[in-house]
Amino acid sequence: MSFIQTKYDISRLFNSKSDISFESCGHIDVKYAGNKTTKDIPINLKIQMRNVYEKLEIDLELGFTFQSECSRCLDPVSYTHQTLPTSE
């Protein structure tokens with residue numbers, strides 16, 4: 001599985017009132033304090049950006065699974081997290 005795409009060209013947003021959407025799927029190597037992502041389960045990323053009255057609005061959805069250790073018995077535990085889009 002390839003690394004997730006995280007760089008996007010948003011230059012066309014600055015001169016117009018348009019929307020740009022991106023979707024990407026892949027992995028990012030994250031290891032922190034006993035937590036880590038796994039390469040066999042992809043990270044899903046959805047981004048929608050809008051230029052609204054001289055400000056940039058960004059909606060981001062991110063879904064991922066990471067592994068951790070039980071603090072009591074140190075057995076591996078998997079957690080799945082899905083962000084929810086925000087609404088005004």
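This passage describes a pocket, a network of salt bridges and several individual residues in a predicted model.

It is convenient to begin with the pocket. The largest pocket in the model has a volume of about 200 Å³. Its lining is made up of 13 residues, and those closest to the pocket centre are Val30, Thr37, Ile43, Phe64 and Phe66. Three elements each give two or more residues to this lining, namely strand 3 (35-37), strand 4 (43-52) and strand 5 (55-69). Sorted by class, the lining residues comprise nine nonpolar, three polar and one charged.

Two of the residues closest to the centre of the pocket, Thr37 and Ile43, also appear among the contacts of Ile28. This isoleucine sits in the loop between strand 1 (19-26) and strand 2 (31-32). Once neighbours within four places in sequence are set aside, Ile28 is in contact with Phe3, Ile4, Thr37 and Ile43. With a relative accessibility of 34%, Ile28 counts as partly exposed, because the partly exposed class runs between the buried limit of 20% and the exposed limit of 50%. The C-alpha atoms of Ile28 and His81 are 15 Å apart in space, while the two residues are 53 residues apart in sequence.

Strand 3 can be followed through Lys36, which belongs to that strand. A relative accessible area of 38% makes Lys36 partly exposed. Beyond its neighbours within four places in sequence, Lys36 has contacts with Val30, Lys31, Phe66 and Gln67; of these partners, Val30 and Phe66 are also listed among the residues closest to the centre of the largest pocket. Lys36 and Thr6 are 30 residues apart along the chain, and their C-alpha atoms are separated by 19 Å.

Strand 5 holds Thr65. With a relative accessible area of 10%, Thr65 is buried. Its side chain is joined to that of Thr80 by a polar contact of 3.1 Å. Leaving out residues up to four places away in sequence, Thr65 touches Thr37, Thr38, Ile41, Ser78, Tyr79 and Thr80. Thr80 is thus both a contact of Thr65 and its partner in the polar contact between side chains. Thr37, another residue that Thr65 touches, is met again among the residues closest to the pocket centre.

Attention now turns to the charged side chains. Side chains of opposite charge can pair when their charged atoms come close. The structure holds three salt bridges, and a good place to start is Arg50, a residue of strand 4. In the salt bridge between Arg50 and Asp59, the closest N and O atoms are 2.8 Å apart. The side chains of Arg50 and Asp59 are also joined by a polar contact of 2.8 Å. Arg50 forms a further salt bridge with Glu57, where the closest N and O atoms are 3.4 Å apart. Glu57 in turn meets Lys55, their side chains forming a salt bridge with an N to O distance of 3.9 Å. Through shared partners, these salt bridges join Arg50, Lys55, Glu57 and Asp59 into one network.

How are the members of this network placed, buried or exposed to some degree? Arg50 has a relative accessible area of 18% and is therefore buried. Glu57, at 17%, is buried as well. Asp59 has a relative accessibility of 22% and so counts as partly exposed, and Lys55 is likewise partly exposed, with a relative accessible area of 47%. The classes of Arg50 and Asp59 fall on either side of the 20% limit, because buried means under 20% relative accessible area.

The surroundings of Arg50 reach beyond its salt-bridge partners. Not counting residues up to four places away in sequence, Arg50 touches Leu13, Ser18, Asp19, Lys55, Leu56, Glu57 and Asp59. Lys55, Glu57 and Asp59 in this list are the other members of the salt-bridge network.

The loop between strand 4 and strand 5 is the place of Glu54. At 81% relative accessibility, Glu54 counts as exposed, because exposed means over 50%. Glu54 and Asn15 are 39 residues apart along the chain, with their C-alpha atoms separated by 9.9 Å.

Conventions:
Residues are numbered from 1 along each chain as its sequence is written. This is a predicted model: local features need pLDDT of at least 70, side-chain atom pairs count only at pLDDT 80 or more; totals for chains, interfaces and linings use all residues. Side-chain values use heavy atoms; hydrogens and water are left out. On a 1 Å grid over the protein atoms alone, a cavity is a set of points where a 1.4 Å probe fits but cannot get out, and a pocket is an open set with protein on both sides within 12 Å along at least five of seven lines; lining residues have an atom within 4 Å of a point. Grid points are joined across faces, edges and corners, and a volume is the space filled by probe spheres set on the points. Helices (H or I, at least four residues) and strands (E, at least two) are DSSP runs, numbered from the N terminus. Ala, Val, Leu, Ile, Met, Phe, Trp, Tyr, Cys and Pro count as nonpolar, Asp, Glu, Lys and Arg as charged, and the others, Gly among them, as polar. A polar contact is a pair of N or O atoms within 3.5 Å; within protein, one must be able to donate a hydrogen and the other to accept it, and residues adjacent in sequence count only if both atoms are side-chain atoms. Contact means heavy atoms within 4.5 Å. A salt bridge is a side-chain nitrogen of Lys or Arg within 4 Å of a carboxyl oxygen of Asp or Glu. Buried means under 20% relative accessible area, exposed over 50%, partly exposed in between (1.4 Å probe, protein chains only).
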